[in-house]
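Trainee: Could we go through this model together? I should like to begin at the surface and then move inward.

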Amino acid sequence: MSYAGALLAIAAAVSKYLAARGSGRPWTRARLFLILGLLLLGTALALGAPATTRLTLSYEPVPNMTRLVGDVLAMGAACCLLALSTMAPGRDPHPYRRITSHAAALLAAALAMATLLDAADTEPTAAFVSVYGGELLIDLYLAVYAGYLTWGMVTFERLGRRYFHAPSTTIIARTGFRLSRLGLHCGYLWLLTRAIDVLALHTGWPISTPPVAGVLPALCAALVAFGVTFPEWMPPLLRTRPAEQVLRLIAHLRVMMALALVSMLWRPLVRAVPDVVVDFTSCGRATRLYRRVIEIRDVQLRLVPYVHPAAQFVAAARTRREPNDEHSLALFEAAALATALEGYRMRQRHLGSDCPMVDYVDHGRILATPFDEARHLAAVAVAFRFSRTIRFVRRQLCPCPDHPAPLTTSQA
């Protein structure tokens with residue numbers, strides 16, 4: 001499994017190089033760091049394989065030197081991820097200065113690990129963690145190694161999540177990111193198993209990780225390799241006839257699911273404003289979905305004067321997500337709709353208030369295709385029906401017949 005993961009990582013690096021060379025796209029340093037990181041990851045996996053470790057035990061000039069080299073190469077791959085994240089557009093105004101600091105941190109960590117391994121005075125062994133995991137110096141060695149890898153993977157995952165929610169990101173790119181993210185989670189799980197082994201050695205608890213944990217590094221490399229190369233090898237595969245039939249079925253199921261979710265928001269809105277509904281005698285599910293998106297937007301425009309000025313601020317105070325996150329935007333829009341719908345039923349306008357924190361009829365933050373707008377409204381519908389934050393906003397801000405809301409500036 002280790003050799004298979006190494007081979008896949010190296011093959012992914014070659015594939016990214018050939019794809020950039022064959023397409024005629026300009027050669028960027030970000031692509032160079034990605035290719036270099038894949039090559040380092042593949043080499044680290046090959047050196048860390050049990051067969052390689054047993055083979056080099058009698059040839060190492062310094063005990064466990066092969067393990068040290070493999071660990072440093074894996075950290076080099078993490079450093080490439082940090083550099084790649086730093087060079088992303090809009091990420092850092094001085095990327096080269098930050099890359100230099102990442103390289104200096106890698107060099108300092110490698111020197112610290114070499115010093116700790118030399119001071120520990122270990123013997124050549126293939127079961128490094130189970131034999132020396134109870135010693136303080138080796139624990140520090142493993143902590144530096146695991147900390148650097150975690151830093152690189154978390155930073156790369158945050159960058160990927162940022163581009164995942166970008167309006168220009170395609171479905172293929174999102175799928176590739178999901179594969180890469182699954183691989184990173186396998187890496188987190190492997191680091192956790194190593195920490196459990198060390199904890200068991202220190203405490204004497206009968207805790208042991210299953211043998212299948214040894215395949216997690218290879219699985220991490222394989223999934224990351226598949227994820228970063230997914231946009232290159234998947235489009236030609238999708239143009240085949242069997243793939244077209246499968247995609248047609250998937251698209252049909254996606255429309256059905258989106259229609260069911262959007263209808264949860266559409267029904268209460270059109271009950272309040274029924275005259276926006278256009279009656280179609282016969283139409284397909286896709287046309288019905290797009291029609292309901294238009295009708296929801298029409299109702300939102302009518303409800304703008306009834307939106308409570310504090311609705312989105314109260315929702316933002318209750319959520320732990322970033323304000324520009326896709327889920328946060330859906331939550332803020334649902335909060336505005338919830339107060340506007342109640343205000344419309346009570347005929348209670350909010351005039352002269354400040355603009356809401358998020359303009360929930362601004363289409364600039366939604367991808368310009370009807371289905372992507374329906375996907376966003378599906379998230380709004382789920383928040384509108386099931387979110388605890390929306391229920392809290394209703395309790396705090398929705399007007400009552402006997403006790404009008406104190407923040408209302410004028411009533412119609």
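**Surface and interior**

Mentor: Tyr17 is partly exposed, because its relative accessible area is 35%, between the limits of 20% and 50%. Please keep in mind that this is a predicted model.

Trainee: Which helix does Tyr17 lie in?

Mentor: Tyr17 belongs to helix H1, which spans residues 2-23.

Trainee: And which residues make the nonpolar surface patch?

Mentor: Ile10, Val14, Tyr17, Leu18 and Leu39 form that patch, with an area of about 400 Å². Helix H1 supplies its largest share, namely four residues.

Trainee: Turning to the interior, which residues touch the most other members of the largest nonpolar core?

Mentor: They are Leu265, Leu269, Leu289 and Leu303, in a core of 46 residues. Two or more residues come from each of helices H10 (241-272), H11, H12 (311-318), H13 (326-345), H14 (370-386) and H15 (388-397).

Trainee: Which of them gives the most to this core?

Mentor: H13 does, with 11 residues. Another core lies apart from this one; it has 43 residues, including Ala13, Phe128, Trp190 and Leu216.

Trainee: A different topic: where is Arg292 found?

Mentor: Arg292 is in helix H11, residues 285-303.

Trainee: How far away is the nearest side chain of opposite charge?

Mentor: That side chain is Glu295, at 5.4 Å. Arg292 is buried and has no salt bridge, since a salt bridge requires a distance within 4 Å.

Trainee: What does Arg292 touch, leaving aside residues up to four places away in sequence?

Mentor: Arg292 contacts Leu259, Val262, Ser263 and Trp266.

Methods: Residues numbered from 1 in each chain as written. Predicted model: local features only at pLDDT ≥ 70, side-chain atom pairs only at ≥ 80, totals over all residues. Heavy atoms only, no water. Buried < 20%, exposed > 50% of the residue type's maximum accessible area, 1.4 Å probe, protein only. Lys, Arg positive; Asp, Glu negative; His and termini not counted. Contact = heavy atoms within 4.5 Å. Patch = residues over 30% accessible without salt bridge, like charges linked within 9 Å, V, L, I, M, F, W, Y side chains within 5 Å. Areas by Shrake-Rupley, 256 points an atom, 1.4 Å probe, with all protein chains shown as cover. Core = buried A, V, L, I, M, F, W, Y, C linked by side-chain atoms within 4.5 Å.
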